[in-house]
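Here are some short exercises to work through with the structure open on your screen. Try each task before you read its solution.

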Amino acid sequence: MLRRRPGSPTLEEVAALAGVGRGTVSRVINNAAGVKDTTRRAVQRAIAELGYVPNLAARTLAGRRADAVALVMTEPDWRQFGEPFFSEIVRSVGDALTETEVQLLLTLVRTDAERQRLVEYARGGRVDGVMLMSVHATDPLPDMLAEVGLPTVLLGRRSGDESVTYVDADNVGGARAAVSHLLATGRRAIATITGPPDMYVAQCRLRGYREAMERAGVEARESWTVQGDFSADSGHRAMAELIERAPEIDGVFAASDTMAVGALGALRAAGRRVPDDVAVIGFDDFPLAQHTDPKLTTVRQPLEEIGHTMVRLLLEEMEEPSAAWRHVIHRTELVLRGSA
């Protein structure tokens, strides 16, 4: 999907307003010789009128790149960096950059001060682009980076009307497929363990759960929904709570594999058999899904493809700043194993 990027003028728009070619704009930006004073002033007026931010574009056009991009993790809870999701994305992004001359930098941003430091670091020309992961709904960092003209790609999105280029998985469809499978196998008291409510990915997976239940004419009781934070510990706590307050549950959709693993532990501790008493489905298809007992039925999101797509979009944006945001959503796939 393409959406016009208001307030982010392109080099071509500067050239059109000034009545010159983009090469002339490049020479003015780089303070090169051979440009008439009247032409230089016209380009400078166009830059000022449009609010064009030339520093990063100028370095690119002049070949003076940093040859580095940053993968920024914005999760405020340090414990989350031990989850498989982060290592899988780092691996896929690193693999996608192997054949390039671009260095990958990893950094953590958790506070307002760290956000500002990253923006200043980027404005100083130390990186050519940024990939952001685990962005929460109110995080201003994507907009801060866009305002200084830095190519930026999100993994996931902050809302349904995200205004920055992003790559995502079909979270609604994947969750709907998981719950529909549980319903097709005769389960009716199906619970869900959600992710943090301020993350759009968690909202989408919850929506998929509710849509599947509604389409089947099965009431999704409020007592069947418990919040987690994508960690195994939160999955264990949520499942223990569900067992206590809703003992009738015969199926569980956990919004991540790690929470599903925690849920399996809680069910085992309570003497509930999986899948005989309670069927369990996760989301992600991390390697650990094949090492649980029983093996975990899950929704596969193609993390390798997602990482590669993030890198491709970022490199393309670095080469030719686009006048539009690009939104790519990858398909998911239900992978059937022993837990459901």
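**Exercise 1. Aromatic pairs**

Find how many aromatic pairs there are and classify each one by its geometry.

Solution. The count comes to two aromatic pairs, in what is a predicted model. Start with phenylalanine 85 and phenylalanine 86: their ring centres are 5.7 Å apart and the planes meet at 85 degrees, so this pair is edge-to-face. The cut-off you need here is a plane angle over 60 degrees. Phenylalanine 86 has 6% relative accessibility, so it counts as buried.

Now take the other pair, phenylalanine 253 and phenylalanine 283. Their centres lie 6.4 Å apart with the planes at 65 degrees, so that pair is edge-to-face too. Phenylalanine 253 is in strand E9 and phenylalanine 283 in strand E10, so the pair ties together parts that are 30 residues apart in sequence. Both phenylalanine 253 and phenylalanine 283 are buried. One last thing to spot: the charged end of arginine 205 sits over the ring of phenylalanine 283, 3.7 Å from the ring centre.

**Exercise 2. The nonpolar cores**

Work out which residues have the most contacts inside the largest nonpolar core, and which helix gives the most to this core.

Solution. First, the size: the largest nonpolar core has 44 residues, and Ile193 and Met239 have the most contacts inside it. Next, the suppliers: helices H8, H9, H10 and H11 and strands E7, E9 and E10 each put in at least two residues. H11 gives the most, with six residues.

Then look around isoleucine 193. Leaving out residues up to four places away in sequence, isoleucine 193 touches a set of residues that includes Met239, Leu242, Phe253, Met259 and Ala263. Finally, don't miss the second, separate core: it has 22 residues, among them Phe86, Phe286, Leu303 and Val311.

**Exercise 3. Helix H11**

Decide whether H11 is mostly covered or mostly open, and say what covers its buried residues.

Solution. Check the length first. H11 runs over residues 257–269, and its 13 residues reach 19 Å from first C-alpha to last, close to the expected 18 Å. Now the burial: ten of the 13 residues are buried, so by the cut-off of under 20% relative accessible area H11 is mostly covered. Those buried residues include Asp257, Met259, Gly262 and Leu267. Their cover includes helices H5 and H10 along with strands E7, E9, E10 and E11. Just past the end of H11, glycine 271 takes a positive phi of about 80 degrees.

**Exercise 4. Helix H8 and its ends**

Find which residue caps the N-terminal end of H8 and which glycine follows the helix.

Solution. Begin with the span: at 1.5 Å a residue, the 14 residues of H8 should cover 20 Å, and the end C-alpha atoms are 20 Å apart, which agrees. At the N-terminal end, aspartate 170 is the cap, with a side-chain oxygen 2.9 Å from the backbone nitrogen of glycine 173. After the helix comes glycine 186, with a positive phi near 95 degrees. In between, H8 is mostly covered, with ten of its 14 residues buried. Among them are Asn171, Ala178, His181 and Leu183.

**Exercise 5. A histidine in a loop**

Does histidine 136 count as buried or exposed?

Solution. Locate histidine 136 in the loop between strand E4 and helix H7. Its relative accessibility is 13%, so histidine 136 counts as buried. Setting aside residues up to four places away in sequence, histidine 136 touches Glu75, Pro76, Arg158, Asp198 and Met199.

Notes. Residues are numbered from 1 along each chain as its sequence is written. This is a predicted model: local features need pLDDT of at least 70, side-chain atom pairs count only at pLDDT 80 or more; totals for chains, interfaces and linings use all residues. Side-chain values use heavy atoms; hydrogens and water are left out. Helices (H or I, at least four residues) and strands (E, at least two) are DSSP runs, numbered from the N terminus. The expected span of a helix is 1.5 Å times one less than its number of residues. Buried means under 20% relative accessible area, exposed over 50%, partly exposed in between (1.4 Å probe, protein chains only). Contact means heavy atoms within 4.5 Å. Rings of Phe, Tyr and Trp (its six-membered ring) pair if their centres lie within 6.5 Å; planes under 30 degrees apart count as stacked, over 60 as edge-to-face and the rest as tilted. A charge sits over a ring if NZ of Lys or CZ of Arg is within 6 Å of the ring centre and within 35 degrees of the ring normal. A nonpolar core is a set of buried Ala, Val, Leu, Ile, Met, Phe, Trp, Tyr and Cys residues joined through side-chain atoms within 4.5 Å. A polar contact is a pair of N or O atoms within 3.5 Å; within protein, one must be able to donate a hydrogen and the other to accept it, and residues adjacent in sequence count only if both atoms are side-chain atoms.
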